[in-house]
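Open the model in your viewer and keep the sequence panel beside it. The stops below say what to select and what is there.

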Amino acid sequence: MIAASAAILLCGPTAAVATAQPDPAPNLPAELVAAVARDLKISPEEYLRRADVAQQVAAFATTAQRQYPAVFAGSWLDDGGKAVVALAQGPGADEAQKAAESAGFEVRNVAKSESALRGEKSAFERWLEGQPAEVSALVRGAVIDTVNNSIAVRVDKVGLPMPSFIDPARVIVMAPPVAGEQATLPQASEIAGDARGVLAGGDGYASVAGRLSLRCSLGFNGTDRTGNIVNITAGHCNPDIPSAGNDNAARVHELNGDRLGNELGRFQKSVLGAQDYSIVRIADQSRERFANNEVRVPGAASVRIDGVATPVVGAPVCKSGSRTGFSCGVVNAVDQTVQVGERELTQAFSANICALPGDSGGPIVSGRLALGISSASSVADYPICEIPNLIGALTGNAPQLFAQPVHVVLSDNPGLRIRTE
């Protein structure tokens, strides 16, 4: 199911970038427009509209959780891109319904409030702790399934025992996680070369510690609390996490094909466990190359980030990665816990997007907003995305991309900012 895309085989195949060239929407690159049309089957204007509506209902949800805790049961975008607010019966239900409808949202009446569902999720986690290892090892995580007003559980195979309050229809079978294999870059001589212009989210890089090299994708450009230029990428892209922030921290290099280019910076902080992110401090000689708010397919035009988003179920999202470029889907779970190898990723969101090793650390956007960092994929063992995409279309078991929300990274690091200009 989930494969941490930590290391990439540099000589591995690369998925083809869509060749369609529809007219780009204002300030959206043609490659992103093509991915939206291909994967979401909507116009770029509708993509931007839905992204905006998702943040409107996210803001409403934040208020509703505080004002109507007994009845608020979650919110999402439906298949048509309309915002839906779920409400249970209880104190404040009428007031909550009026507030939601006056904001232009559809109201759906459900049996359980969000707080009740959180209680069930906690009860499931306690139940799981008491199960034998042969059962618990096959459970990959649980999440509040807001749309179905239930708890969804990801498992490796059918037939596992479940507590009575888990709907059997919401037990989702996926392949077991596969940790990303480490791969070393060819030991070619390092070449300095001249600076090759701006570096943006989605561009590839190599991280180097001793003789070990990993290939990942740059995430969002930003600044830290003291004004240093940084890039926010994945934690598992650091081949030597304990050294982060020290004089011997792993280095980040530009890639010239399969050869190491200029050193761009060093890992200032890396977190891998419940979260998965790294902050790379950019070297002084490369500062100007990262002084931008761009996300792109490597070598192509970019979308300029103008804000930060909160994950919302049903929201349209697109990832950029140096392996597979832009691909899009919709968020299908938020604030979830999922087992990735030996670690448990929390507060993650997922979307039905194919990503392959090399895409790790790359940015996920919703509209022009920064949303997440690519962390783990359910289909990392495939050579190209066309294969799992076809299998998903035939079986309904679409590829899943699990991501680190950037708003959590910002919250954990006061003063850290994503560039929005």
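Select Asp-145 and Asn-148 and show their side chains: a polar contact of 2.8 Å joins them in this predicted model. Asp-145 belongs to strand E5, which covers residues 139–145. Is Asp-145 buried or exposed? Its relative accessible area is 10%, and because the cut-off for buried is under 20%, Asp-145 counts as buried. Now add Ser-150, Ile-151, Ala-152 and Arg-170 to the selection; Asp-145 touches these residues, leaving aside those up to four places away in sequence.

**The whole chain**

Zoom out and colour by secondary structure. The protein has 7 helices and 24 strands. Of its 421 residues, 56% count as buried. Take the contacts between residues at least 6 apart in sequence: 65% of them join residues at least 24 apart.

**The pocket**

Stay with E5, since E5 is among the elements that give two or more residues to the lining of the largest pocket. The others to select are H1, strand E2 (72–77), strand E6 (150–155), E19 and helix H6 (386–395). About 1300 Å³ of space lies in this pocket. To find the centre, select Gly-329, Val-330, Asn-332, Asn-352 and Ala-398, which are the closest to it of the 49 lining residues. Which element gives the most to the lining? That is E19, with 8 residues.

**The nonpolar cores**

Next, select Leu-32, Val-36, Tyr-47, Phe-220 and Ile-418. These have the most contacts inside the largest nonpolar core, a set of 45 residues. Several elements give two or more residues to this core, including helix H1 (30–40), helix H2 (44–67), strand E13 (259–272), strand E19 (325–340) and helix H7 (406–412). H1 supplies the largest share, 5 residues. Another core, of 21 residues, lies apart from this one; select Val-57, Tyr-68, Val-71 and Ala-96 to see some of its members.

**Helix H3**

Ala-96 also leads to the next stop. Select residues 93–102, which form helix H3, and mark its buried residues: Ala-93, Ala-96 and Ala-100. Why do they line one face of the helix? Seen down the axis of H3, the buried residues fall within an arc of 65°, so they sit along one face. The spacing fits a general rule: an α-helix has 3.6 residues a turn, so residues three or four places apart point the same way.

Turn the view to the face of H3 directed away from the buried side. Here are the exposed residues Asp-94, Glu-95, Lys-98 and Ser-102. Turn back and show what covers the buried residues of H3: the cover includes H2, strand E3 (83–87) and strand E4 (106–109). Then step just past the end of H3 to Gly-104, which takes a positive phi of about 90°.

**Ala-250**

For the last stop, select Ala-250, in the loop between E11 and strand E12 (251–256). With a relative accessible area of 1%, Ala-250 is buried. Which residues does Ala-250 touch, not counting those up to four places away in sequence? They are Val-208, Ala-209, Asn-238, Pro-239, Ser-243, Arg-266 and Phe-267. Finally, draw a distance between the C-alpha atoms of Ala-250 and Gln-268: they are separated by 9.1 Å, and the two residues are 18 apart along the chain.

Technical notes:
Residues are numbered from 1 along each chain as its sequence is written. This is a predicted model: local features need pLDDT of at least 70, side-chain atom pairs count only at pLDDT 80 or more; totals for chains, interfaces and linings use all residues. Side-chain values use heavy atoms; hydrogens and water are left out. A nonpolar core is a set of buried Ala, Val, Leu, Ile, Met, Phe, Trp, Tyr and Cys residues joined through side-chain atoms within 4.5 Å. Buried means under 20% relative accessible area, exposed over 50%, partly exposed in between (1.4 Å probe, protein chains only). Helices (H or I, at least four residues) and strands (E, at least two) are DSSP runs, numbered from the N terminus. A polar contact is a pair of N or O atoms within 3.5 Å; within protein, one must be able to donate a hydrogen and the other to accept it, and residues adjacent in sequence count only if both atoms are side-chain atoms. Contact means heavy atoms within 4.5 Å. The arc is that of the directions from the helix axis to the C-beta atoms. On a 1 Å grid over the protein atoms alone, a cavity is a set of points where a 1.4 Å probe fits but cannot get out, and a pocket is an open set with protein on both sides within 12 Å along at least five of seven lines; lining residues have an atom within 4 Å of a point. Grid points are joined across faces, edges and corners, and a volume is the space filled by probe spheres set on the points.
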